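Got the model open in your viewer? Here is a walk through it, one selection at a time.

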Amino acid sequence: MMFAGYIVLCTGYIRFDTFHIVGYIALCTGYIRFDTFHIVGYIALCTGYIRFDTFHIVGYIALCTGYMRDT
């Protein structure tokens, strides 16, 4: 999936095999699972769970009080 824009709020479950985002994830309090994740932008706030096998970020993660895990 190629996504140009942003995810404002995720309180549920997002699952992608390949995910490319040009923009940002503003708030994640739910569960995000990626096999391959490329972000050009930032993750502003993560209080939930993000899991990824391959992760590339051009930008930053502002605040993560949740759980980020690679395999």
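Start by selecting leucine 9. In this predicted model, leucine 9 counts as exposed, because its relative accessibility is 53% and the cut-off for exposed is over 50%. You'll find leucine 9 in the loop between strand S1 (2-7) and S2. Now add alanine 26 and draw a C-alpha to C-alpha distance: leucine 9 and alanine 26 are 17 residues apart in sequence, and the distance in space is 6.3 Å.

Next, hop over to tyrosine 24, which sits in strand S2. Is tyrosine 24 buried, partly exposed or exposed? At a relative accessible area of 25%, tyrosine 24 is partly exposed. Pick glycine 59 as its partner for the next distance. Along the chain, tyrosine 24 and glycine 59 are 35 residues apart, while 9.3 Å separates their C-alpha atoms.

Keep going with tyrosine 60, part of strand S4. Tyrosine 60 has a relative accessibility of 45%, so tyrosine 60 counts as partly exposed. Add tyrosine 42 to the selection: the C-alpha atoms of tyrosine 60 and tyrosine 42 are 4.9 Å apart, with their positions 18 residues apart in sequence.

One more pair of this kind: leucine 45 and isoleucine 25. Leucine 45 belongs to strand S3 and is partly exposed, with a relative accessible area of 25%. Leucine 45 and isoleucine 25 are 20 residues apart in sequence, and their C-alpha atoms are 7.7 Å apart.

Isoleucine 25 is a handy way into the interior. Which residues have the most contacts inside the largest nonpolar core? Select Ile25, Ile32, Phe34, Phe37 and Ile50 and you have them; the core as a whole has 16 residues. Color by element of secondary structure and look at who contributes: strand S2 (13-25), S3 and strand S4 (49-64) each give two or more residues to this core. S3 gives the most, with six.

While you're looking inside, show the cysteines at 28 and 46. Cysteine 28 has a relative accessible area of 0%, so cysteine 28 is buried. Cysteine 46 is buried too, at 0% relative accessibility. Don't go hunting for disulfides, though: the structure holds zero of them.

Now for the charges. How many salt bridges does the structure hold? There are four. Select Arg15, Asp17, Arg33, Asp35 and Asp53 as sticks, and you have a linked network of salt bridges on screen. Take the network apart pair by pair:

- Aspartate 17 and arginine 15 meet through their side chains in a salt bridge, at 3.1 Å from N to O. Arginine 15 is partly exposed, at 38% relative accessibility.
- Aspartate 35 and arginine 33 form another salt bridge, and their closest N and O atoms are 3.1 Å apart. Arginine 33 has a relative accessible area of 11%, and because buried means under 20%, this arginine is buried.
- Aspartate 53 also meets arginine 33 in a salt bridge, at 3.7 Å from N to O. This pair links distant parts of the chain, with aspartate 53 in strand S4 and arginine 33 in strand S3, 20 residues apart. Aspartate 53 is partly exposed, at 33% relative accessibility.

Back out to the surface. Select Met2, Val22, Val40 and Val58 and switch on a surface: these residues form a nonpolar patch with about 370 Å² of accessible area together. Zoom in on valine 40, which lies in strand S3 (residues 31-46). Valine 40 is partly exposed, with a relative accessible area of 45%.

For the last stop, bring in the database record. Which residues does UniProt list as "transmembrane region"? The unreviewed entry gives residues 6-27 and 39-63. Color both spans and compare the annotation with the model. Residues 6-27 are 0% helix and 68% strand, and the end C-alpha atoms of that span lie 10 Å apart. Residues 39-63 come out as 0% helix and 92% strand, with 16 Å between the end C-alpha atoms.

Definitions and conventions. Residues numbered from 1 in each chain as written. Predicted model: local features only at pLDDT ≥ 70, side-chain atom pairs only at ≥ 80, totals over all residues. Heavy atoms only, no water. Disulfide = S-S within 2.5 Å. Buried < 20%, exposed > 50% of the residue type's maximum accessible area, 1.4 Å probe, protein only. Patch = residues over 30% accessible without salt bridge, like charges linked within 9 Å, V, L, I, M, F, W, Y side chains within 5 Å. Areas by Shrake-Rupley, 256 points an atom, 1.4 Å probe, with all protein chains shown as cover. Helix = DSSP H or I, 4+ residues; strand = E, 2+ residues; numbered from the N terminus. UniProt positions renumbered as here; feature names shortened; annotations may be inferred. Core = buried A, V, L, I, M, F, W, Y, C linked by side-chain atoms within 4.5 Å.
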